[in-house]
Amino acid sequence: MASFDDHLEIAARRLAMMTSRRSVLSRIGKALLGAAVLAPLLPIDRTHRALAASAVDENEMDPLKCTYWKHCALDGMLCACCGGSGHECPPGTTVSSVSWVGTCHNGMDKKNYLVSYTDCCGRSSCGECMCNSNVGERPGYVMGRHNDINWCVANADSAYHCTVTLVVGVMD
Ligand code: ABN
């Protein structure tokens with residue numbers, strides 16, 4: 001009785017007789033060409049490649065870091081580290097009725113955005129992810145351009161917990 005190896009050898013020999021070296025090379029070439037055409041269409045996360053190509057520092061694109069581009073004028077604690085998100089106050093807190101705005105540069109699309117910083121109030125300080133970024137800030141005596149202020153003071157409960165960020169407009 002012929003072994004598995006014998007069957008395999010016969011099958012391989014038959015295939016070799018029916019296939020020319022040229023057709024094998026042509027099939028391999030087609031497969032490689034197909035892969036090269038299809039690869040860019042595959043749903044793969046290419047953020048890192050885009051970041052490398054744009055020469056933007058990865059830290060500028062991480063919403064949990066003070067160096068995140070939207071945090072350029074944020075003096076406070078990131079609500080994303082305090083049970084909320086970048087733009088949502090944590091449970092049990094209320095949104096401050098006044099806020100501070102800054103102008104931040106997004107290195108990815110090279111545009112400047114108007115960004116608002118709103119405090120979340122009514123609970124004691126979160127104590128996590130303290131940032132002190134002050135692009136465009138002016139000393140305390142220039143009241144309208146000073147960001148080291150508790151914006152919860154206008155709320156019924158003025159205890160400061162953390163700060164959320166919202167993009168409110170793009171600058172020309
Ligand atoms: N706007 C954040 C904050 C709160 C308290 C004190 C300084 C800054």
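The legends below describe close-up views of a predicted model, taking in the ligand site, two cavities and a disulfide.

**View A. Residues around the ligand in the predicted model.** The ligand is surrounded by Asp 75, Asp 119, Asp 148, Ile 149, Asn 150, Trp 151 and Tyr 160, a shell that divides by class into 3 nonpolar, 1 polar and 3 charged residues. The protein buries 79% of the 250 Å² that the ligand exposes when taken alone.

**View B. Contacts to ligand nitrogen from Asp 119 and Ile 149.** In the side chain of Asp 119, an N or O atom lies 2.8 Å from a nitrogen atom of the ligand. For Ile 149 the contact comes from the backbone, where an N or O atom is 2.7 Å from a nitrogen atom of the ligand.

**View C. The largest cavity and its lining.** Rolling a probe the size of a water molecule over the atoms shows where empty space is left. In this model the count comes to 2 cavities of 30 Å³ or more, and the largest cavity holds about 40 Å³ of space. Its lining is made up of Ala 73, Leu 74, Asp 75, Trp 100, Tyr 117, Asp 119, Asn 147, Trp 151 and Thr 163, which by class gives 5 nonpolar, 2 polar and 2 charged residues. Asp 75, Asp 119 and Trp 151, which are among the lining residues of this cavity, also belong to the residues around the ligand.

**View D. The second largest cavity and its lining.** About 40 Å³ of space lies in the second largest cavity, and the residues that line it are Pro 63, His 71, Leu 78, Cys 79, Ala 80, Ser 85, Gly 86, Thr 163, Val 164 and Thr 165. This lining divides into 5 nonpolar and 5 polar residues, with no charged residue. Thr 163, listed here, is also one of the residues lining the largest cavity.

**View E. The disulfide between Cys 66 and Cys 131.** The model has 7 disulfides, among them the one that joins Cys 66 to Cys 131 with an S to S distance of 2.1 Å. The torsion about the S-S bond of this pair is about -85°, and the disulfide is therefore left-handed. Because Cys 66 lies in the loop between α3 (47–54) and β1 (75–77), whereas Cys 131 lies in strand β4 (residues 130–132), the pair ties together parts that are 65 residues apart in sequence.

Technical notes:
Residues are numbered from 1 along each chain as its sequence is written. This is a predicted model: local features need pLDDT of at least 70, side-chain atom pairs count only at pLDDT 80 or more; totals for chains, interfaces and linings use all residues. Side-chain values use heavy atoms; hydrogens and water are left out. A residue is near a molecule or strand if one of its heavy atoms lies within 4 Å of it. A polar contact is a pair of N or O atoms within 3.5 Å; within protein, one must be able to donate a hydrogen and the other to accept it, and residues adjacent in sequence count only if both atoms are side-chain atoms. Accessible areas come from the Shrake-Rupley method with a 1.4 Å probe; for residues, only the protein chains shown count as cover. Ala, Val, Leu, Ile, Met, Phe, Trp, Tyr, Cys and Pro count as nonpolar, Asp, Glu, Lys and Arg as charged, and the others, Gly among them, as polar. On a 1 Å grid over the protein atoms alone, a cavity is a set of points where a 1.4 Å probe fits but cannot get out, and a pocket is an open set with protein on both sides within 12 Å along at least five of seven lines; lining residues have an atom within 4 Å of a point. Grid points are joined across faces, edges and corners, and a volume is the space filled by probe spheres set on the points. A disulfide is a pair of cysteine sulfur atoms within 2.5 Å. Helices (H or I, at least four residues) and strands (E, at least two) are DSSP runs, numbered from the N terminus.
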